[in-house]
Amino acid sequence: MKTTTEERGINLGQTIIEKILSAHSNKHVQANEIVVADVDFIMGQDGTSPLAIRAFQEMGGSDVFDPNRVALVIDHSAPSPNEGVSALHKLMREFARAKGVRLYDIGEGVCHQLVPESGMVGPGSLVIGADSHTCTYGALNAFSTGVGSTDLAGGLISGKMWFKVPETIKFVCHGRLPAGVYAKDLILYLIGDVTADGATYMAAEYTGEAIAALSMEGRFTVANMAVEMGAKAGLMEADEKTFAWLARYTDRKFSPVVPDADAHYALVKEYDVSKLEPQVAKPHRVDNVCPVTDVVGTPVQQAVIGTCTNGRLEDLAVAAKILAGRKVHPDVRLIVAPASRRIYLEAIDLGVLQELIKAGAAVVTPGCGPCVGTHNGIPSDGENVISTANRNFKGRMGNSNANIYLASPATVAASALTGKITDPREYIKENI
Amino acid sequence: MELQGKAHKFGNDVNTDYIISGKYKFKTLDMQELAKHVMEDLDPNFYQKINRGDFIVAGTNFGCGSSREQAPLAIKHANIGAVLAKSFARIFYRNAINTGLPVVECNTDLIDSGDELHVDLAEGVIKNKTKGTEIPIKPLPQVMIKILNDGGLASHFKKYGGFNFDQEG
Ligand code: SF4
């Protein structure tokens, strides 16, 4: 795996993010310039929107810049677990009604699945979301990034946002992932390699035949975790798969944004993924990554399949394939949270959920599930959780005395069966 | 802006879940209430140890993790004067400036817990009074100075009705 750093020369070639920021600020920009850019879409969730609404009022906001380009999502604590949260949800519903913006209420799903499904975002779009995993839509060749509540309020009023144009690290992934090894393993491996702050203030571009071979669902998984290496965005080129995926949700036309051949990259990292093993991020850091074989046998008491990282149909289907006709280990609680209502229904139609439920899964409302410790399965002291989520910080799931391991849906399903961390290749001989 | 206080030192990669746990932040907009739980998972008694104007001093990648603005707000309402770190995660950095919490990039290896510090943001220097040393500060981008000077992004918007960075070019 080799690393090359190019010297910055005089060139006008642009990366994907430089092109998108140029198009949205009407000038040719390159890394490190500051721009005020037009925003195509804005999203807020129930952990961040209440503060944004307060900031909106403080700023003297009256109308939002364009109600069709705004969505508020109630997904982090949905349905509400207590009266404090209920009051915040009410505030969001009232704001959405008053401003005429779309509100996704409880049960519709997790924000980072709903925004792509809305069909409002595609190649070349510029999106801000008051949630750090807004970088997910980079899989659609969009520049999307997480901001805080005050930034969100500024965007809601003006339809604009200021950015420092980031430098880009290019990740070139050669080869094909072996059986039992998935997009999640790939991104965990990359994060382990560059570390949790390896791409701070920068954008990531993922390319190479391993990325091209991923399904759109796998690409969302990879883009979703760009922020776990500190990146502002994680972008990919658009191809037939991108356009076929978009065509399921919208008639809107988008033009792909391709990086120039002479674009400047801060760093180019090359990988051959054809021998990659399933990966696990150990407590309490996302970059504390090892091959699953290093931690095989670690007992687990709770297993979680879902979240904006891995709650899509393909993820549920892989888990169902492993669990079909079997039973979850009696000492393990398996919690499944489909990423959206649409996925929930598709998984029912295909019999995927029935298999999971028969195996012993507890299916919870589409949304964030137990990911961030608000409800839906808070672990007890000293327990180990294996989860398909994107963060394993101490206390992340609501108890700082529990340990969280992150892995692919296949690894989580296999571990739920045996009650200990298990190599999914024992169950998966070829990728589905 | 000049600030004075004692250093409370933390390590690298202090994430937003450590700054304020998700189990509190979704419940309330009462920042005073959240402030009581600041850094609780790293130091259960941290809030009690703070004297008004003290500094959180950390290593690299401070504030990584979620986009929750409750993180800088909880720190600010816990009476912390500024956060000093070797580097910050980008969303936290923006949020801190937007909400008026000074964030300072500098070499924090030269500071230990308990050191008395004098931070001069305009001069771009930290005086470590305990050690008798001076530490230079990495300057903020012009846009951020403008927002901080306006008292945060909300006041900037109130003043101009939108983004206005023209003077800075
Ligand atoms: S699923 Fe988890 S990581 Fe994703 S948006 Fe929800 S809380 Fe955040």
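This report looks at the cysteines of chain A and at a run of parallel strands in chain B.

The model is predicted, so local features need pLDDT of at least 70 and side-chain atom pairs pLDDT 80 or more, while totals for chains, interfaces and linings use all residues. Residues count from 1 along each chain as written, chains are lettered from A and ligands numbered from 1 in written order, and side-chain values use heavy atoms, without hydrogens or water.

Let's start with the cysteines. Over all chains there are 0 disulfides, a disulfide being a pair of cysteine sulfur atoms within 2.5 Å. For Cys290(A), the closest cysteine sulfur is that of Cys173(A), 19 Å away, which is too far for a bond. Cys290(A) is buried at 4% relative accessibility, and Cys368(A) is buried at 6%; buried means under 20% relative accessible area, exposed over 50%, and partly exposed in between, with a 1.4 Å probe and protein chains only.

Now to chain B, where helices (H or I, at least four residues) and strands (E, at least two) are DSSP runs numbered from the N terminus. Strands pair if DSSP finds at least two bridges between them.

| Parallel pair | Bridges |
|---|---|
| E2(B) (residues 55–58) and E3(B) | 4 bridges |
| E3(B) and E4(B) (residues 103–105) | 3 bridges |

Between E2(B) and E3(B), the chain passes through helix H5(B) (residues 70–77) in a right-handed β-α-β crossover. From E3(B) to E4(B) the route goes through helix H6(B) (residues 90–98), and this crossover is also right-handed. Right-handed means that, with the strands pointing away from the viewer, the path from the first strand over the helix to the second runs clockwise.

Within E3(B), Val83(B) stands opposite Ile56(B) and opposite Val103(B) in E4(B). Strand E3(B) (residues 82–85) is covered on both faces: Ala82(B) and Leu84(B) are buried on one side, Val83(B) and Ala85(B) on the other.
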